[in-house]
Amino acid sequence: MTSKLRLALASLLLGSALSAPGFAAEPTTYRFTPESTVTYHVIHPMHHVVGVSHQLSGEPRVTAGPDLAMPLRLSVPIRSFDSGNRNRDRNMLQVMHVSRYPQAVLEIQSVTWASKRTEGTKTTAEGTAKGSLTLNGTTRPVDITLSGFVDGARMEVDARFSFLLSEFGVERPSLLFRPVDDEVKLEVKGIAVRP
């Protein structure tokens, strides 16, 4: 067998192995940018409170497909939320016991994609995820609505879910002797790039 024939045969076998089912390409790692936001919504009988943080951290990984590699861990410092009212924000830090539990952590364990489509280099997907939220020293399961896209060096992920303050042992802040609603809605808009 000539050297050219051996080289061609080796290339063919390698190509077949790489495309075979079960072959896993190395995941691509992304990092969140300061453009990312984490937003909470709380309702009080007198007003709607919105707080925003720009300090989302985490390193989502994407495998061939592309699929998110699990688990996906996201975190945000509680102190970084700004509702536009310093007194209200200080009160939130107290009820969240931020000196003991400075971070809110969302971990996504699994995703079920309802739709996924690829056009050129861009893959867009929507689905639901199972995960857990750790807040005030307590971890509880959460169901998450997910959407986003991967386009080369850029990735965007939108996650939405709600939780009850009472499930995390958080005393509901009050205004004029009336507490905020127990339910909090959380939106994560993660914008990430390859480092």
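**Hairpins and unusual backbone spots**

In this predicted model, strands β8 and β9 run antiparallel and are joined by 13 bridges. One pairing along this stretch puts Lys 116 opposite Ala 125 of β9. The two strands make up a hairpin with 2 residues between them, and Gly 120, sitting in that turn, has a positive phi of about 65°.

The next pair follows on from there. β9 is also joined to β10, again antiparallel, this time through 14 bridges. Here Thr 134 stands opposite Thr 139 of β10. β9 and β10 form a hairpin too, with 2 residues between the strands. Its turn holds Asn 136, in the loop linking β9 (122–135) and β10 (138–151). Asn 136 isn't a glycine, yet its phi is positive, at about 55°. That's worth a second look, because most residues other than glycine have a negative phi. As for its surroundings, Asn 136 counts as buried because its relative accessible area is 9%, under the 20% cut-off.

His 97 is another non-glycine residue with a positive phi, in this case near 50°. His 97 belongs to the loop between α2 (86–95) and β8 (103–119). With a relative accessible area of 37%, His 97 is partly exposed, so it falls between the 20% and 50% cut-offs.

Then there's the peptide backbone itself. Most peptide bonds are trans, but the one joining Met 70 and Pro 71 is cis, with omega at about -5°. Pro 71 is found in the loop that runs between β6 (67–68) and β7 (72–77).

Notes:
Residues are numbered from 1 along each chain as its sequence is written. This is a predicted model: local features need pLDDT of at least 70, side-chain atom pairs count only at pLDDT 80 or more; totals for chains, interfaces and linings use all residues. Side-chain values use heavy atoms; hydrogens and water are left out. Helices (H or I, at least four residues) and strands (E, at least two) are DSSP runs, numbered from the N terminus. Buried means under 20% relative accessible area, exposed over 50%, partly exposed in between (1.4 Å probe, protein chains only). Two strands pair if DSSP finds at least two bridges between them.
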